[in-house]
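User: Hey, can you walk me through this one? I'm new to reading structures.
Analyst: Sure, let's start with a term you'll need.
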Amino acid sequence: MLNLPVITLRFSTKLLTAIGCTLAVLSASVPADSVQVAHGISMHGDLKYPPGFKHFDYVNPKAPKGGQVIQSAIGTFDSFNQFIVKGNAADGLGLIYDTLLSRALDEPFSLYGLLAESIEVPNNRSWIIFNLRPTATFSDNHPLTAEDVVFSFNLLRTEGAPFYKSYYADIDKIEALSPHRVKFTFKNTLNRELALIVGEVPILAKHYWQDKAFQKPSLDIPVGSGPYTIDSFDAGRSITYKRNPNYWAKELPVKVGYNNFDTLIFDYYRDGTVALEAFKAGEYDFRQENSSKRWATSYSGNAFDDGRIKTAELEHQNPTGMQAFVINNRREQFADPRVRRALALAFDFEWTNKNIFFNAYTRTHSFFSNSEMAATELPTPEELAILEPVRDQVPPEVFTQVYKAPETKGDGKIYTQLREARRLLQDAGWIFKAGKLVNAETGKQLSIEMLLYSPAFERVVSPFIRNLERLGIKANIRLIDVSQYIARLRSYDFDIVVSGFGQSSSPGNEQRDYWHSSSANKEGSRNLIGIQNPAIDYLVDQLIQSPNREQLVYRTRALDRVLQWNHYVIPQYHINKYRVAYWDKFEMPNIRPKYDLGFNTWWIKPEKDVK
């Protein structure tokens, strides 16, 4: 969808009356303080699918199994461990793991039993018990037990990427009550999302990992309990997954109609342009396009004309989050918000959209765009009450204005914007001298390096660079390979990058990793901006502790406003469609999931191999 250098997460519905995190209970109505036993759990309201459901509505339960699918990946890989900071993990590794619960892609945030056949949870959400299926096994036929669950969480929180420690910071204790019963006890009853998100963690095999150096990248093939296993690989160039014919969960309701391809291959290419040409030559089968120019100009030729290659724009209801020029606030020259705002005035989105993107995109103004949680109007009394405790710590515009990213006429003439930028820079201590923007005290010119890994994005950045140069700023593009790029992001060694902060329809614990002071200096965290702001810390905590859906929306909007008016990023754009192209060998269910592309529910036409 978007050209995001960092893969980010998740997937709005207007359930403003939903009270917190509710369960679909198996029994009749029970007292409010009792423990409920359920086949699933929802953050937003009642579950769509009742106990004993056969399959999700958006799958074909009779989809034929078989065939081979090849997809592309960009860059290279040197590790099969996607849970750590070091190394470049191969694409598709999620295929080899299972989780305690499985997400329904046609509900905003509902989970149903996978490894766990049922859950038990009190109404105050102080703990949750998962009752594991005795039939659950790893690919080597070793039973999966509560010990594996305990081991996985302890390992990820102590030796995994910083994300895991912050995301699951409110877990107090994890206990194996029996071989098939595991209990999570939480530090408080305020983090109501936690009962759900612990169910989404891939469970690792203790017998495989306990003697391994977990923090060291490795191409040793790991053991998992998921529907696929790693069959073969060519280091850095290709990886092949085979569907496990003995997959323990293949007949469970949450897996019926999924995982229909026998073989999945990811072939690696150095950039998107090369990958597209390989696709058109029949080297692989399916691709999602993130470049509007390529989508508008490059999907043509005989294979398209005669129908051998199909293209489609498939709408979705996912929040689109924030894609932006991310400004590293750790750099001294960007510490002043007036400087960051001035830089934003030099990005001419309207001209870029018309001349480069074929008017394909919508300007992003919110960190929670395309959702009800975006702050698009003046704050309500409820939001003002949330913001009042930090009034003296946030920009005054938070209370009086609606933020909108700078706009232009789209004709390339942005003199008014540049004049405003010069005024802001002068107020921040930068002066225009001999054609250069220099610090009034040190005389040093303001310089900016735009760090990129994709040559395709140079055409977006170059006009922005020219406008910065008109302000007297020394600006340049630094193009590096994917491995270097990832390493520099993890160590925050950059001035400005193009990145994104994906959002779900139920923001929660991941916000701590995005914006909280505690993640600002943890190598590999997603706080790329380097935010260390007590007011934002407070609002993140308030969001995580939202007692119900209504408050979640208000608190998210309050956080959005403070992020917007601090000018931490230069907002770019979004689109609410998947742009896909595929060789005419696939079929898909009649009903599509609302919150996902659902490619893993497609299947290959048994009679057709067109290439």
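Analyst: A polar contact is a pair of N or O atoms within 3.5 Å; within protein, one must be able to donate a hydrogen and the other to accept it. Keep in mind that this is a predicted model.
User: OK, so which side chain does Q36 have a polar contact with?
Analyst: With that of N123, at 2.4 Å.
User: And where is Q36 found?
Analyst: In strand β2, which covers residues 35-42.
User: Is Q36 buried or exposed?
Analyst: Buried: the cut-off is under 20% relative accessible area, and Q36 counts as buried because its relative accessibility is 13%.
User: Switching to helices. How do α8 and α12 cross?
Analyst: The axes of α8 (residues 337-345) and α12 (residues 415-427) come within 8 Å and cross at roughly 165 degrees. Angles over 145 degrees count as roughly antiparallel, so that is how α8 and α12 run relative to each other. The crossing is left-handed.
User: Which residues meet there?
Analyst: From α8, R338, V339, R341, A342 and L345; they meet Q417, E420, A421, L424, L425 and D427 in α12.
User: What about α13, how far apart are its end C-alpha atoms?
Analyst: They are 18 Å apart. That agrees with the expected span, because 13 residues (458-470) at 1.5 Å a residue should also give 18 Å.
User: Which α13 residues are buried?
Analyst: V460, V461, P463, F464, I465, N467 and L468.
User: And what comes just after α13?
Analyst: G472, which takes a positive phi of about 90 degrees.

Definitions and conventions: Residues numbered from 1 in each chain as written. Predicted model: local features only at pLDDT ≥ 70, side-chain atom pairs only at ≥ 80, totals over all residues. Heavy atoms only, no water. Helix = DSSP H or I, 4+ residues; strand = E, 2+ residues; numbered from the N terminus. Expected span 1.5 Å × (residues − 1). Buried < 20%, exposed > 50% of the residue type's maximum accessible area, 1.4 Å probe, protein only. Axes fitted to C-alpha atoms, helices over the stretch in contact; angles between N-to-C directions. Parallel < 35°, antiparallel > 145°, perpendicular 65-115°, else oblique. Left-handed = near helix turned anticlockwise from the far one by under 90°. Contact = heavy atoms within 4.5 Å.
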